[in-house]
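This note sets out points on the structure shown below. They are numbered for ease of reply.

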Amino acid sequence: FPLPQDNEYANEFTKMHDEFICNWNQAMSSGDTSSVEKMSDDYYVAFFNRGNEKPIIFTKQEAINGMEQSVKHFLGANKKFENRVIRLRDNENAVVFYEQLIVKDEEVLARLFTIENWRLINEKWMVIRETEEPIN
């Protein structure tokens, strides 16, 4: 039985994710990633390289370290979330699909397919896992 995507839970989640996107652009200009560290304790990210190699898995702490390095490396760039699709599995689980672009001076520096899995934990939305894959 499909969950309607236009209910109050979907609207609340979308509003939170819109704020998450704004926080990402603040992090890209300030270098401070604390506002986007919304990962559950058991969070992990699977990063697929080009080709058929198995993904590289990063733990929460490795992902935070990587975010901090990435933000410093791309300081002043913008992170764009294009073609975003949000789907709620139920009232406590959501999936977000989008193309993530890092753009500086109108040049695309990185382009990734991203899938975020979110869960409502203690009344806060947290990312429980993420999948990223470069787009050629």
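1. In this predicted model, the lining of the largest pocket comprises 18 nonpolar, 3 polar and 7 charged residues. The lining thus described is made up of 28 residues, and those lying nearest the pocket centre are Phe47, Ala63, Gly66, Met67 and Glu132. The space in this largest pocket comes to about 580 Å³. Two or more lining residues are given by each of α1 (8-30), β1 (39-47), β2 (56-59), α2 (60-73), β4 (93-104), β5 and β6 (124-134). Helix α2 makes the greatest contribution to the lining, with 5 residues. As general background, empty space is revealed by rolling a probe the size of a water molecule over the atoms.

2. The pairing of strand β1 deserves a separate remark. With β6, β1 pairs in the parallel sense over 5 bridges; within this pairing, Val45 has Glu130 of β6 as its bridge partner. With β2, β1 pairs in the antiparallel sense over 4 bridges. Here Ala46 is matched with Ile57 in β2. Strands β1, β2 and β6 are also among the elements that give two or more residues to the pocket lining.

3. Strand β3 (residues 78-90) runs antiparallel to β4, and 10 bridges join the two. One of the bridge partnerships sets Lys80 opposite Leu101 in β4. The two strands form a hairpin, with 2 residues between them.

4. Which residues does Asn117 contact, once its neighbours within four places in sequence are left aside? They are Arg89, Ala94, Val95, Met126, Val127, Ile128 and Arg129. Asn117 itself is located in strand β5 (residues 107-121). Its relative accessibility is 6%, so Asn117 is classed as buried, the cut-off for that class being under 20%. The side chain of Asn117 also makes a polar contact of 3.1 Å with the side chain of Arg89.

5. Asn122 may be read alongside Asn117. Asn122 is placed in the loop between β5 and β6. Because its relative accessible area is 73%, Asn122 counts as exposed, whereas Asn117, at 6% relative accessibility, counts as buried. Between the C-alpha atoms of Asn122 and Asn7 there is a separation of 20 Å, the two residues being 115 residues apart along the chain.

6. Backbone angles call for comment at two positions. In general, a negative phi is found in most residues other than glycine. Asn83, which is not a glycine, has a positive phi of about 55°. This residue, Asn83, belongs to strand β3, and its relative accessible area of 56% makes Asn83 exposed. Glu106 likewise has a positive phi, near 65°, and is a residue other than glycine. Glu106 sits in the loop between β4 and β5. With 80% relative accessibility, Glu106 is classed as exposed. I would ask that both phi values be stated in any description of the backbone, for Asn83 and for Glu106.

7. Is Asn23 buried or exposed? Asn23 has a relative accessible area of 19% and is therefore buried; the threshold matters here, since buried means under 20%. Asn23 is part of helix α1. Not counting residues up to four places away in sequence, Asn23 touches Ser35 and Val36. Helix α1 is also one of the elements that give two or more residues to the lining of the largest pocket.

8. The final point concerns Asp32, in the loop between α1 and β1. Its relative accessibility of 44% places Asp32 in the partly exposed class. The side chains of Asp32 and Ser34 are linked by a polar contact of 2.9 Å. Asp32 and Pro55 are 23 residues apart along the chain, and their C-alpha atoms are separated by 27 Å.

Technical notes:
Residues numbered from 1 in each chain as written. Predicted model: local features only at pLDDT ≥ 70, side-chain atom pairs only at ≥ 80, totals over all residues. Heavy atoms only, no water. Buried < 20%, exposed > 50% of the residue type's maximum accessible area, 1.4 Å probe, protein only. Polar contact = N/O pair within 3.5 Å; in protein donor to acceptor, adjacent residues only side chain to side chain. Contact = heavy atoms within 4.5 Å. 1 Å grid on protein atoms, 1.4 Å probe; cavity = no way out; pocket = protein on both sides within 12 Å on 5 of 7 lines; lining within 4 Å. Points joined across faces, edges and corners; volume = space filled by probe spheres on them. Nonpolar A, V, L, I, M, F, W, Y, C, P; charged D, E, K, R; others polar. Pairing = 2+ DSSP bridges.
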